[in-house]
Amino acid sequence: MADLKDFAEQLVNLTVKEVNELAKILKDEYGIEPAAAAVAVAAGPAAGGGDVAEAEEQTEFTVILKDAGASKLAVVKLVKELTGLGLKEAKGVVDSAPAPVKEGVSKDEANSLKVALEEAGAVVELK
């Protein structure tokens, strides 16, 4: 039981880069599609059985910055890093919140971006 708690703690403390690497390992070495499994698990109980196919249809997501939070500078730097925008453009995205950070991204990438931005103190929504 203690091993499982340690494992859970390790998963929770993974960085965005490590999460992406884990997803790649699961896919390449074990044939597990993390996004498909997560959608099926999340949608199954909540959907009541009938809407699972509908939940799995969305393949592109938009990451929307709702609010920069207290650490605006950290969020600007992270938006710059994650999007490849210049500093001025990244600041413009953060200043104009709610604003899309990235559009048309996969579920894995959208979740990774969301986690990274939330760790920096931002409020993020996926659509």
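1. Ser96 is partly exposed in this predicted model, since its relative accessible area of 40% lies between the limits of 20% for buried and 50% for exposed. The residue sits in the loop between H6 and strand E2 (99-105). Ser96 and Asp67 are separated by 29 residues in sequence, and their C-alpha atoms lie 9.1 Å apart in space.

2. The overall layout may be stated next. The chain contains seven helices and three strands, and their order along the sequence is α-α-α-α-β-α-α-β-α-β. Of its 127 residues, 23% count as buried. Among contacts between residues at least 6 apart in sequence, 65% join residues at least 24 apart.

3. Helix H5 (residues 72-83) and helix H6 (residues 87-95) have axes that come within 8 Å of each other and cross at roughly 120 degrees. H5 and H6 are therefore oblique to each other, because an angle of roughly 120 degrees falls outside the range of 65 to 115 for roughly perpendicular and is not over 145, the limit for roughly antiparallel. The crossing of these two helices is right-handed.

4. The contact of H5 with H6 can be described residue by residue. On the H5 side stand Lys72, Val75, Val76, Val79 and Lys80, and they meet Leu87, Ala90, Lys91, Val93, Val94 and Asp95 of H6. By class, the residues of this contact comprise seven nonpolar, no polar and four charged.

5. One salt bridge joins the same two helices: Lys72 pairs with Asp95, with the closest N and O atoms 2.5 Å apart. This pair links distant parts of the chain, with Lys72 in helix H5 and Asp95 in helix H6, 23 residues apart. Lys72 is partly exposed, at a relative accessible area of 37%, and Asp95 also counts as partly exposed, at 39%. Both residues appear in the list of contacts between H5 and H6.

6. How do H5 and H7 lie relative to each other? Their axes come within 9 Å and cross at roughly 155 degrees. H5 and H7 are therefore roughly antiparallel, because that angle is over 145 degrees. This crossing is right-handed.

7. The contact of H5 with H7 involves Val75, Leu78, Val79 and Leu82 in H5, which meet Leu113, Ala116 and Leu117 in H7. Its residues divide into seven nonpolar, no polar and no charged. Val75 and Val79 are named in this contact and are also among the H5 residues that meet H6.

8. Ser112 deserves a separate remark. This residue belongs to helix H7 (residues 107-119). Ser112 is buried, because its relative accessible area of 8% is under 20%. When neighbours within four places in sequence are left aside, the contacts of Ser112 are with Val16, Val19 and Asn20.

9. How many salt bridges does the structure hold? The total is seven. Side chains of opposite charge can pair when their charged atoms come close. One of the pairs is that of Glu125 and Lys66, whose side chains meet at 3.8 Å, N to O. This bridge links distant parts of the chain: Glu125 lies in strand E3 (residues 123-126) and Lys66 in strand E1 (residues 61-67), 59 residues apart.

10. The surroundings of that strand pair may be added. Glu125 is partly exposed, with a relative accessible area of 28%, and Lys66 counts as partly exposed at 38%. Lys66 and Glu125 also take part, with Lys127, in a network of salt bridges.

11. A further salt bridge is formed by Lys102 with Glu109, where the closest N and O atoms are 2.9 Å apart. Lys102 is partly exposed, with a relative accessible area of 22%; that value is not under 20%, so Lys102 does not count as buried. Glu109 is partly exposed as well, at 30%.

How values were computed
Residues numbered from 1 in each chain as written. Predicted model: local features only at pLDDT ≥ 70, side-chain atom pairs only at ≥ 80, totals over all residues. Heavy atoms only, no water. Axes fitted to C-alpha atoms, helices over the stretch in contact; angles between N-to-C directions. Helix = DSSP H or I, 4+ residues; strand = E, 2+ residues; numbered from the N terminus. Parallel < 35°, antiparallel > 145°, perpendicular 65-115°, else oblique. Left-handed = near helix turned anticlockwise from the far one by under 90°. Contact = heavy atoms within 4.5 Å. Nonpolar A, V, L, I, M, F, W, Y, C, P; charged D, E, K, R; others polar. Buried < 20%, exposed > 50% of the residue type's maximum accessible area, 1.4 Å probe, protein only. Salt bridge = Lys/Arg side-chain N within 4 Å of Asp/Glu carboxyl O.
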